[in-house]
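Hi,

Here is the structure I promised to pass on. Have it open while you read, and I'll walk you through what turned up.

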Amino acid sequence: MSEVLKVDPIGGQAVIEGVMMRGKHGVGLALRTPEGGIHIKQEPLVSMRERYPALKLPLLRGVAALVESMSLGMRMLNYSAAIASGEDADKEQGGGWLSLVIGVVILIAVFKFLPAMAFFALKPLIANALVLSAIEGVIRMTLFIAYLVGISFMPEVKRLFQYHGAEHQVINCVESGQELTPDNALRFSPIHARCGTSFLLITLLIQILVFSFLGTQLNIVQRVAAQLALLPFVAGIAFELIRLAGRATTQAKAGIGARIALWVTLPGQWLQRVTTRPASREQIEVAIASLHAAMAIQPLTEPRLAP
């Protein structure tokens, strides 16, 4: 009889024509090649939190996880793009960090300066800092959601969102305790409490309250600079909420704190209806292969995947 997989919480990310899964000791990447096969890449991984125990502290662990996920995710995304285009994936890809820097500058301009301009335009009319921060936050969230909805109509992005759904369906299947097979995984929802989409939206919501403490005395450059400085703190809070909400979906007797966190983070799960799509069987097979690759790096004493 096949053994059901029991694992520590798994993280993942959709990439071009594939899925990256991150286990406790390694990363597995599975990609559907242009020829129809599945390309596998495995890497052992020692997280920043294992190398520097201080980063396991609440709030700090969220910042460490975010930095690590962005670095790893960008690298795997570049790798998947090379495979999809038939290039040498092991060759050093130039321009990756330059693209990231340009992207960050654009993000700051659109999601920081534009809402801050509205904040200062309304300041003569509204004296309450919390109300102004709420308006600023709503504008920021509207821009973010409009961006996601806009790109969701692009065929390439639709397919990426299907692989995002495949990642969640496989993780949901595993965390339910059922045997990991394509047929079982296909029955699960593409929505997951620990998703990065939820993390981003919850971060935007928390910013409204935190940024209201900046008051109304700063100029626009000072306000944006202060917001950027506070982002690690805000991200740390969002990480703890998402992490706690995940317990409510994986533990039969989750505490009241986990249930409250799940309720608070529901808007992030609603937004996943934009960033995920139910996957096809072929995409589920890729996500399963990715998880197998990640879990194969586990110590031999750990339970193994069902074949």
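Let's start with a charged residue: Glu-136 is buried, with a relative accessible area of just 1%. Its partner in a salt bridge is Arg-140, with the closest N and O atoms 3.5 Å apart. Arg-140 is buried too, at 2% relative accessible area. Both residues sit in helix H4, 4 residues apart, which is about one turn of the helix. As background, an α-helix has 3.6 residues a turn, so residues three or four places apart point the same way. One thing to keep in mind throughout is that this is a predicted model.

Now for the overall picture. The protein has 307 residues, and 44% of them count as buried. You can find 11 helices and 4 strands in it. If you take the contacts between residues at least 6 apart in sequence, 67% of them join residues at least 24 apart.

Back to the salt bridges, since there are 12 in the structure. Arg-32 and Glu-285 make one of them, at 3.5 Å from N to O. Arg-32 belongs to strand S3 (residues 26-32) and Glu-285 to helix H11, so this pair ties together parts that are 253 residues apart in sequence. Arg-32 is buried, with 17% relative accessible area, while Glu-285 counts as partly exposed at 30%. These two are also in a network with Asp-183 and Arg-281, joined by salt bridges that share partners.

Another one to look at is Arg-61 with Glu-240, where N and O are 2.7 Å apart. Here the pair ties together parts 179 residues apart in sequence, because Arg-61 is in helix H2 (residues 60-84) and Glu-240 is in helix H8. Are these two buried or exposed? Arg-61 counts as buried at 16% relative accessibility, and Glu-240 is buried at 18%.

Next, the nonpolar inside. In soluble globular proteins, nonpolar side chains tend to be buried together. In this model the largest nonpolar core has 23 residues, and those touching the most other members include Ile-10, Met-21, Val-170 and Leu-180. Strand S2 (18-22), helix H5 (155-175) and helix H11 (281-295) each supply at least two residues of this core, and H11 gives the most, with 8. Try clicking on Val-170: leaving out residues up to four places away in sequence, the residues it touches include Met-21, Leu-180, Ile-284 and Leu-291. There is also a second, separate core of 13 residues, with Ile-202, Ile-206, Ala-238 and Phe-239 among them.

S2 has a strand partner as well: it pairs with S1 (residues 11-15) in the antiparallel sense over 5 bridges. Gly-11, for instance, has Arg-22 in S2 as its bridge partner. The hairpin has 2 residues between the strands, and Glu-17 takes a positive phi near 55 degrees there.

Finally, have a look at helices H9 and H10. In H10 (residues 266-275), the buried residues include Gly-268, Leu-271 and Val-274. The buried residues of H10 pack against H4, H5, H7 and H9. On the surface, Ile-256, Ile-260, Trp-263 and Val-264 form a nonpolar patch with about 440 Å² of accessible area together. Ile-256 lies in H9 (residues 256-264) and is exposed, at 56% relative accessible area.

Have fun turning it around on your screen!

Note on methods. Residues are numbered from 1 along each chain as its sequence is written. This is a predicted model: local features need pLDDT of at least 70, side-chain atom pairs count only at pLDDT 80 or more; totals for chains, interfaces and linings use all residues. Side-chain values use heavy atoms; hydrogens and water are left out. A nonpolar core is a set of buried Ala, Val, Leu, Ile, Met, Phe, Trp, Tyr and Cys residues joined through side-chain atoms within 4.5 Å. Buried means under 20% relative accessible area, exposed over 50%, partly exposed in between (1.4 Å probe, protein chains only). Contact means heavy atoms within 4.5 Å. Two strands pair if DSSP finds at least two bridges between them. Patches are made of residues with over 30% relative accessible area and no salt bridge: like charges are joined within 9 Å, nonpolar side chains (Val, Leu, Ile, Met, Phe, Trp, Tyr) within 5 Å. Accessible areas come from the Shrake-Rupley method with a 1.4 Å probe; for residues, only the protein chains shown count as cover. A salt bridge is a side-chain nitrogen of Lys or Arg within 4 Å of a carboxyl oxygen of Asp or Glu.
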